[in-house]
Amino acid sequence: MGNPLGIGSSVMINRMVDRSGTPVEAQLGKVAELSLALQRAISDEQARAALLSPDGEAETPVVDSGAVVDRLI
């Protein structure tokens, strides 16, 4: 395999689906489920950061590696 820092978010999601042992017929649905979970986690992280921010706003977290995906999901 590779280093989770060196792979993209879509590759990490596909690896998570593969590791979970999802049947081939259900893999596309599992990818969609994990992608939605990632988007939800990003929104939650941004909302949490906004609560701690003095002006009540926060930037969207950057998902630039598989390690970030692994941490959020």
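Start by selecting Arg71: this residue is exposed, with a relative accessible area of 53%. Keep in mind as you click around that you are looking at a predicted model. Now show the side chain of Glu45 as well, and you'll see the two meet in a salt bridge, 4.0 Å from N to O. Arg71 sits in helix α3 (residues 66-72) while Glu45 belongs to helix α2, so this pair ties together parts that are 26 residues apart in sequence.

Stay on Glu45 and add Arg48. Their side chains form another salt bridge, at 3.2 Å from N to O. This one stays inside α2, where Arg48 and Glu45 are three residues apart, about one turn of the helix. An α-helix has 3.6 residues a turn, so residues three or four places apart point the same way. Colour by accessibility and both partners come out as partly exposed: Arg48 has a relative accessible area of 48%, and Glu45 has 24%. With Glu45, Arg48 and Arg71 on screen together, you have one network, joined by salt bridges that share partners.

How many salt bridges does the structure hold? Three, so there is one left to visit, and the 4 Å limit between nitrogen and oxygen is what qualifies a pair. Select Lys30 and Glu33: their closest N and O atoms are 3.7 Å apart. Here too both residues lie in α2 (residues 27-52), three residues apart, about one turn of the helix. Lys30 is partly exposed at 24% relative accessibility, and Glu33 is partly exposed at 46%.

**Along α2**

Next, select the whole of α2. The helix has 26 residues and reaches 37 Å from its first C-alpha to its last, close to the 38 Å expected at 1.5 Å a residue. Then pick out Leu34, Leu38, Ala41, Ile42 and Ala50, which are buried in α2. What do the buried residues of α2 pack against? Switch on α1 (9-19) and α3, and you have the answer.

**Over to α1**

Moving to α1, highlight Met12, Ile13, Met16 and Val17, which are buried. Look down the axis: they cover an arc of only 140° around it, which puts them on the same side of α1. The buried residues of this helix pack against α2 and α3.

Zoom in on Ile13 for a moment and list its contacts. Leaving out residues up to four places away in sequence, Ile13 touches Val31, Leu34, Ser35, Leu38 and Val69. Before you leave this helix, step past its end to Gly21, which follows α1 and has a positive phi, near 75°.

**The core**

Now for the inside. Select Ile7, Met12, Ile13, Met16, Val17, Leu34, Leu38, Ala41, Ile42, Val68, Val69 and Leu72 as sticks; these 12 residues make up the largest nonpolar core. Colour them by helix and you'll find that α1, α2 and α3 each supply at least two residues of this core. Some of the names will be familiar from earlier stops: Ile13 is one of the core residues, and so is Leu38.

**A stop in the loop**

Head for Asp64, in the loop between α2 and α3. Is this residue buried or exposed? Exposed, with a relative accessible area of 57%. Draw a distance from Asp64 to Gly6 while you're there: the two are 58 residues apart in sequence, yet 9.1 Å apart in space, C-alpha to C-alpha.

**Zooming out**

Finally, go back to a cartoon of the protein chain. There are three helices and zero strands, and read along the sequence the pattern is α-α-α. The radius of gyration is 14 Å, well over the 11 Å that the globule rule gives for 73 residues, so the chain is more spread out than a compact globule. Turn the C-alpha trace to its principal axes and you'll get a span of about 45 × 25 × 15 Å.

Two more things to try before closing the viewer. Colour by burial once more: buried residues make up 23% of the 73 residues in the chain. Then draw the contacts between residues at least 6 apart in sequence, and 47% of them join residues at least 24 apart.

Definitions and conventions: Residues numbered from 1 in each chain as written. Predicted model: local features only at pLDDT ≥ 70, side-chain atom pairs only at ≥ 80, totals over all residues. Heavy atoms only, no water. Helix = DSSP H or I, 4+ residues; strand = E, 2+ residues; numbered from the N terminus. Buried < 20%, exposed > 50% of the residue type's maximum accessible area, 1.4 Å probe, protein only. Expected span 1.5 Å × (residues − 1). Contact = heavy atoms within 4.5 Å. Arc of directions from axis to C-beta. Core = buried A, V, L, I, M, F, W, Y, C linked by side-chain atoms within 4.5 Å. Rg over C-alpha atoms; globule rule 2.2 N^0.38 Å.
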